[in-house]
Amino acid sequence: LAIAAVIPAAGVGKRMQVAVPKQYLPLNGKTILEHSVQRISQHPLVAALWLALDKTDPYFAGTPLVNGALQRVDGGSERVHSVLNALQLIDATAYPWVLVHDAARPLVRQADITNLINGCLQAGYGGILASPVRDTMKRGQATAGRNLVAETVEREQLWHALTPQFFPTQQLREAIAQALAAGVTITDEASAMEWAGQPVLLVEGQADNIKITRPADLTLAAYFFEQQHL
Ligand code: C5P
């Protein structure tokens, strides 16, 4: 089986409070983007990779990835548009399944990617890496200028959605295009498939597969990186 991979990397990373987009920040001597690309393209089942970059991205050319075996595609205004731009270039006959992974998750493990792929192929439908929620969860409600607890949400069935997410290429492309046309907010691939009424498998992944979002996440990522390489 030849699997296509898409890495959306066209974000600007506002929450990082730095000038450089977060995927270009360093982690153990390489950019976060290089780690993410390497971990996905190194997987033995991944046969081709599409990387969505901002049209005016001045940083990519300075990385070793510029000489790598990957297809560049222009990013869109939001993550979902970057992903759709890439999906539209993929031949679904040659690559019936696609793996989508955030550029901002440099710590994903090979074993988790394998578990996700195998779990989905066995089930016959797509799925995502996810990790169970551990904290007690509250729904809040703004009341007289304060945030009050409206209720406690059952934690048992709650999961953090991670990436990669793995779906049949053609189905995902259609689900995203149709959801966008219907004005639905799409924050990950699974939400488009859910909207289209398709089943989505939850495959438990390691919680160290964090998304670099805030400055402190870099320190945490460096720690996890070290732990993975002990
Ligand atoms: O901002 P956030 O962390 O949710 O972004 C998740 C991923 O989507 C990042 O890898 C980012 O580069 C990418 N992205 C994109 N195009 C956008 C916005 C975000 O490819 N317009």
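A residue is called buried if 20 or more other C-beta atoms lie within 10 Å of its own, exposed if 12 or fewer do, and partly exposed in between, with C-beta atoms placed from the backbone. Gly76, with 18 other C-beta atoms within 10 Å, is therefore partly exposed. The close-ups below come from a predicted model, in which local features need pLDDT of at least 70 and side-chain atom pairs count only at pLDDT 80 or more, while totals for chains, interfaces and linings use all residues. Residues are numbered from 1 along each chain as its sequence is written. Helices (H or I, at least four residues) and strands (E, at least two) are DSSP runs, numbered from the N terminus.

**View 1. Confidence of the model.** The protein averages a pLDDT of 96, where pLDDT is the predictor's confidence in each residue, from 0 to 100. A score of at least 70 is reached by 100% of the residues. The ipTM is 0.98 and the pTM is 0.96.

**View 2. The shell around the ligand.** Here 17 residues surround the ligand, and Pro8, Ala10, Gly11, Ser82 and Ala103 come nearest; a residue is near a molecule if its C-beta atom, placed from the backbone, lies within 6 Å of it. The shell divides into 6 nonpolar, 7 polar and 4 charged residues. In this scheme Ala, Val, Leu, Ile, Met, Phe, Trp, Tyr, Cys and Pro are nonpolar, Asp, Glu, Lys and Arg are charged, and the others, Gly among them, are polar.

**View 3. Gly76 in its loop.** Gly76 sits in the loop between β5 (71-74) and α2. Leaving aside neighbours within four places in sequence, Gly76 is in contact with His81, Ser82, Leu84 and Asn85; a contact means that two C-beta atoms, placed from the backbone, lie within 7 Å. Pro8 is 68 residues from Gly76 along the chain, and their C-alpha atoms are separated by 9.5 Å.

**View 4. Helix α1 and its cover.** Of the 10 residues of α1 (residues 32-41), 8 are buried, so the helix is largely enclosed by the rest of the structure. You can pick them out as Ile32, Leu33, Glu34, His35, Ser36, Val37, Arg39 and Ile40. Their cover includes β1, β2, β3, β4 (46-53) and β6.

**View 5. Helix α4 and its buried side.** The buried residues of α4 are Thr169, Leu172, Arg173, Ala175, Ile176 and Ala179. They lie on the same side of α4 because they cover an arc of only 165° around the axis, the arc being that of the directions from the helix axis to the C-beta atoms. An α-helix has 3.6 residues a turn, so residues three or four places apart point the same way. The packing partners of this buried set are β1 (3-8), α2 (79-87), β6 (97-100), β10 and α5 (189-195). The 13 residues of α4 (residues 169-181) should span 18 Å, in agreement with the 18 Å between its end C-alpha atoms; the expected span is 1.5 Å times one less than the number of residues. Just after α4, Gly183 takes a positive phi of about 80°.

**View 6. Strand β10, with a cis bond and a buried Phe.** Pro164 lies in β10 (residues 159-168), and a cis peptide bond with omega of about 10° joins Thr163 to Pro164. Phe167 is found in β10 too, and it counts as buried because 26 other C-beta atoms lie within 10 Å. Not counting residues up to four places away in sequence, Phe167 touches Val98, Gly126, Leu172, Glu189 and Met193. Phe167 and Ala4 are 163 residues apart in sequence and 10 Å apart in space, C-alpha to C-alpha.

**View 7. Two positive phi angles outside glycine.** Asn28 has a phi near 50°, a positive value in a residue other than glycine. Asn28 belongs to the loop between β2 (26-27) and β3 (30-31) and is exposed, with 12 other C-beta atoms within 10 Å. Ala144 also has a positive phi, near 50°. Ala144 lies in the loop between β8 (137-143) and β9 (146-153) and is exposed, with 5 C-beta neighbours inside 10 Å.

**View 8. Tyr125 in its loop.** Tyr125 is in the loop between α3 (110-123) and β7 (127-132). Tyr125 counts as partly exposed because it has 16 C-beta neighbours inside 10 Å. Beyond neighbours within four places in sequence, Tyr125 is in contact with Cys120, Gln198, Pro199 and Leu201.
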